[in-house]
Amino acid sequence: MLRSSNGLADLLARIGASAPGHIGHPLDEGVRQNHCFVPLLLQLCCEAVESALDTEYLYKAPVPAPAKQPGVGAQGQRGSPPPADVTEVCGVLKAYLTRLPMPVVVPGLCAGFVAVNAVRDSEERVRRVAQLVAALPPANRMVLQYLLRHLYQVAQHSRKNKMTVGALAAVFAPLLFRPPSVADHPALA
């Protein structure tokens with residue numbers, strides 16, 4: 001659990017961990033129930049991460065190397081390493097996306113998003129992406145837009161946090177574009 005008074009336990013207690021819009025519930029339930037554009041858990045996690053954008057490897061924290069001297073962090077800088085709470089909140093955000101019953105980018109549109117990469121003309125590519133985003137269910141569209149704004153903020157601090165656009169894509173693409181699993185479709189087994 002988080003060590004700070006604004007920790008994850010407090011966050012989950014504040015919003016009710018099993019309420020609609022939280023881990024394991026459909027996106028539209030959380031939006032409808034909380035009368036907001038994105039589920040509250042997602043919003044609070046993104047806000048917490050954005051308050052610590054200079055933390056290295058926000059969404060992909062490696063095991064830190066042991067300090068060589070007392071008072072010197074793993075990176076050789078004076079002071080203690082960043083608190084674990086930010087990376088734990090990042091883990092909650094990823095768990096939220098992983099456990100959605102339906103991914104943010106619905107399976108029927110995944111092939112279109114993949115195909116648009118082959119379009120060489122940038123204006124045409126942007127037009128097609130806009131069409132695909134517009135075809136998402138409203139709650140999914142709002143969540144995708146919110147997450148992309150958040151990831152843009154994270155990437156703007158990549159010199160310090162080491163989360164480049166490529167690193168963020170590697171972490172978030174499988175969470176947003178989950179292919180249907182065999183368990184979801186018994187006919188595929």
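Here are a few exercises on the predicted model above, each with a worked solution.

Some ground rules before you dig in. Residues count from 1 along each chain as its sequence is written. Because the model is predicted, local features need pLDDT of at least 70 and side-chain atom pairs count only at pLDDT 80 or more, while totals for chains, interfaces and linings use all residues, and side-chain values rest on heavy atoms, with hydrogens and water left out.

**Exercise 1. Work out what pattern the chain follows along its sequence.**

Step 1: go through the helices and strands, which are DSSP runs numbered from the N terminus (helices: H or I, at least four residues; strands: E, at least two). You get 9 helices and 0 strands.

Step 2: write them in order, and the pattern is α-α-α-α-α-α-α-α-α.

Step 3: look at contacts, meaning heavy atoms within 4.5 Å. Of those with a separation of 6 or more, 67% involve residues 24 or more positions apart.

**Exercise 2. Find where confidence is lowest and highest in the chain.**

Step 1: take pLDDT, the predictor's confidence in each residue, from 0 to 100. The chain averages 76, and 67% of the residues score at least 70.

Step 2: go helix by helix. Helix H1 (residues 8-15) is lowest at a mean of 56, and H6 is highest at 96.

Step 3: check the weak stretches. Residues 1-6 have pLDDT below 50, with 12 contacts in the model beyond near neighbours in sequence. Residues 62-84 are also below 50, and that stretch has 18 such contacts. Where pLDDT is low, the predicted coordinates shouldn't be read in detail.

**Exercise 3. Decide whether Leu136 is buried or exposed, and list what it touches.**

Step 1: place the residue. Leu136 sits in the loop between helix H6 (122-135) and helix H7 (138-156).

Step 2: apply the cut-offs: buried is under 20% relative accessible area, exposed over 50%, partly exposed in between (1.4 Å probe, protein chains only). At 2%, Leu136 is buried.

Step 3: leave out residues up to four places away in sequence, and Leu136 touches Val104, Val105, Val106, Leu109, Arg141 and Leu144.

**Exercise 4. Track down the 2 aromatic pairs and say which parts of the chain they link.**

Step 1: use the ring rule. Rings of Phe, Tyr and Trp (its six-membered ring) pair if their centres lie within 6.5 Å; planes under 30 degrees apart are stacked, over 60 edge-to-face, and the rest tilted. There are 2 pairs.

Step 2: Tyr59 and Phe172 are edge-to-face, 4.8 Å centre to centre with 80° between the planes. This pair links the loop between helix H3 (40-50) and helix H4 (84-98), home of Tyr59, to helix H9 (residues 165-176), home of Phe172, 113 residues apart. Tyr59 is buried at 1%, and so is Phe172 at 2%.

Step 3: Phe113 and Phe177 have ring centres 5.5 Å apart and planes at 75°, so they're edge-to-face too. Phe113 is in helix H5 (residues 107-115) and Phe177 in the segment after H9, so the pair ties together parts 64 residues apart in sequence. Phe113 is buried at 11%, whereas Phe177 is partly exposed at 31%.

**Exercise 5. Identify which residues the salt bridges join into one network.**

Step 1: search for a side-chain nitrogen of Lys or Arg within 4 Å of a carboxyl oxygen of Asp or Glu. The structure holds 3 of these salt bridges.

Step 2: Arg127 bridges to Glu124 at 2.5 Å, and Arg128 meets Glu124 at 2.9 Å. Sharing partners joins Glu124, Arg127 and Arg128 into one network.
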